[in-house]
Amino acid sequence: MADIRPFRAVRPDTGKAADIAALPYDVYSRQEAKAEAADKPLSFLRIDRPEINFDDSVDIYDPRCYEKAGELLDSMIKSGDFIEDESPSYYIYELTMDGRSQTGIVATASVDDYNNKIIKKHENTREDKEIDRIRHVEACSAQTGPIFLGYRSNDIINKTVDDIKKESAPLYNFVSPDGVGHRVWIIKEEERIDRIRKEFKSINSIYICDGHHRCASAVKAAERKRNAVPDRKGDEEFNFFLSVLFPDDQLLIMDYNRVVKDLNGLSEDRFFDRVRKKFVIEDAGESAYRPEAKGNFGMYISGKWYHLTAKPETKLDDPVDVLDVSVLQNELLAPILNIEDPRTDSRIKFVGGIRGLKELERLVDSRKYAVAFSMYPTDISELFEVADKNALMPPKSTWFEPKLRSGLFIHKF
């Protein structure tokens, strides 16, 4: 059973949420983050990406950067930009993009549930990225970016959330510059808190949708804290990490596309010959091709789009191997283009579906990349199945939208 707890959030003062809220730290490069926060003195990017407060000559992993993050957070709390609620509460976080909404419960999830695989992952993490966020968490004595979790929809939780949204005005209600609407409510009533917590205890599996590095870092930071507090009781705040939990039937996974710098020394004709052994290739014309079904892929090369269909012999029963991202990797990227490890190979770039297919065309037309592949989105049921089998998806298998904002909820410990 999942232990999903209410907590005392540190959150923006009324009227400041829109100025503080920022996209997650890992969707920006250093220069992009610096530009985004340039005229926004309250932007949470200044805390989440503290290196932007320094000259570019200062390394992003310099200890001064992490110290700056802690100093800025403390300063904003002392100045009243952030407030802290008096009693443990749940929060409702609704995001609306392109006319569709998804609503989650903001809470803290258990480190023990992660270690015991009640909270399940579907991706591996990189140690360097973990270390970065561990140092950030420890410098701030807080988790500042929520982990995006999913669970199989629960009628009682859904009704409780809907009732509160109908009955009360939101704490925050704003539209971010990218057009995404954000509304937040607080759940303080003990009866409703008890009901939600009880329902989560009846759920045996929670899934990490986005934020694997943040989650792994929060868990490892908690383990370090545990080692430093040998007489701990188990209910200390450092035993829990900041999360937003969404029912599966509200989630949107977008395509996560690929571009490759070269054809691995092959001529274009030879490349096509090898691809034809595993895929049926059809001319898709000059209009960008977005796959409409599983097992279909778009390919853009030399100014033209092609429709690829995986041949029947490539379809397997393993929940990982049947994923489209696995089919492309195992049947084309690795054997033909020599992309053996897409996590580390500099010849491949991943392009989130939010950027659109025109971005694939732009990258190939610029001649910086030789070929692009558009993907059919991974389904949430596929993610759950892989995680339930304690298996791992290939890197960059899912792109969730809209992205949770950092800075709206902070978990101090």
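What volume does the second largest cavity have? In this predicted model, in which local features need pLDDT of at least 70, side-chain atom pairs count only at pLDDT 80 or more, and totals for chains, interfaces and linings use all residues, the second largest cavity has a volume of about 60 Å³. Residues are numbered from 1 along each chain as its sequence is written, and side-chain values use heavy atoms, with hydrogens and water left out.

A cavity is here a set of points, on a 1 Å grid over the protein atoms alone, where a 1.4 Å probe fits but cannot get out, and its lining residues have an atom within 4 Å of a point; grid points are joined across faces, edges and corners, and a volume is the space filled by probe spheres set on the points. Three cavities of 30 Å³ or more were found in the whole structure, and the largest of them holds about 130 Å³ of space. Its lining comprises 15 residues, with Val-137, Gln-143, Thr-144, Gly-145 and Arg-214 lying nearest the centre. At least two lining residues come from each of α6 (127-140), α9 (212-228) and β12 (240-247), where helices (H or I, at least four residues) and strands (E, at least two) are DSSP runs numbered from the N terminus. The lining of the largest cavity divides into six nonpolar, six polar and three charged residues, with Ala, Val, Leu, Ile, Met, Phe, Trp, Tyr, Cys and Pro counted as nonpolar, Asp, Glu, Lys and Arg as charged, and the others, Gly among them, as polar. The second largest cavity is lined by Pro-24, Pro-146, Phe-148, Asp-210, Arg-214, Leu-404 and Ser-406.

The largest nonpolar core (buried Ala, Val, Leu, Ile, Met, Phe, Trp, Tyr and Cys residues joined through side-chain atoms within 4.5 Å; buried means under 20% relative accessible area with a 1.4 Å probe, protein chains only) has 65 residues, of which Phe-271, Leu-332, Leu-337 and Phe-373 touch the most other members. Apart from this core lies another, of 32 residues, including Trp-185 and Val-219.

Phe-373 also belongs to strand β19 (residues 371-374), where Val-371 and Phe-373 on one side and Ala-372 and Ser-374 on the other are all buried, so that both faces are covered. Strands pair if DSSP finds at least two bridges between them; β19 pairs in the antiparallel sense with β14 (residues 256-260) over three bridges, Phe-373 being the bridge partner of Arg-258. Strand β16 (residues 296-301) likewise runs antiparallel to β19 and is joined to it by three bridges, with Tyr-300 opposite Ala-372.

Note on methods:
1 Å grid on protein atoms, 1.4 Å probe; cavity = no way out; pocket = protein on both sides within 12 Å on 5 of 7 lines; lining within 4 Å. Buried < 20%, exposed > 50% of the residue type's maximum accessible area, 1.4 Å probe, protein only.
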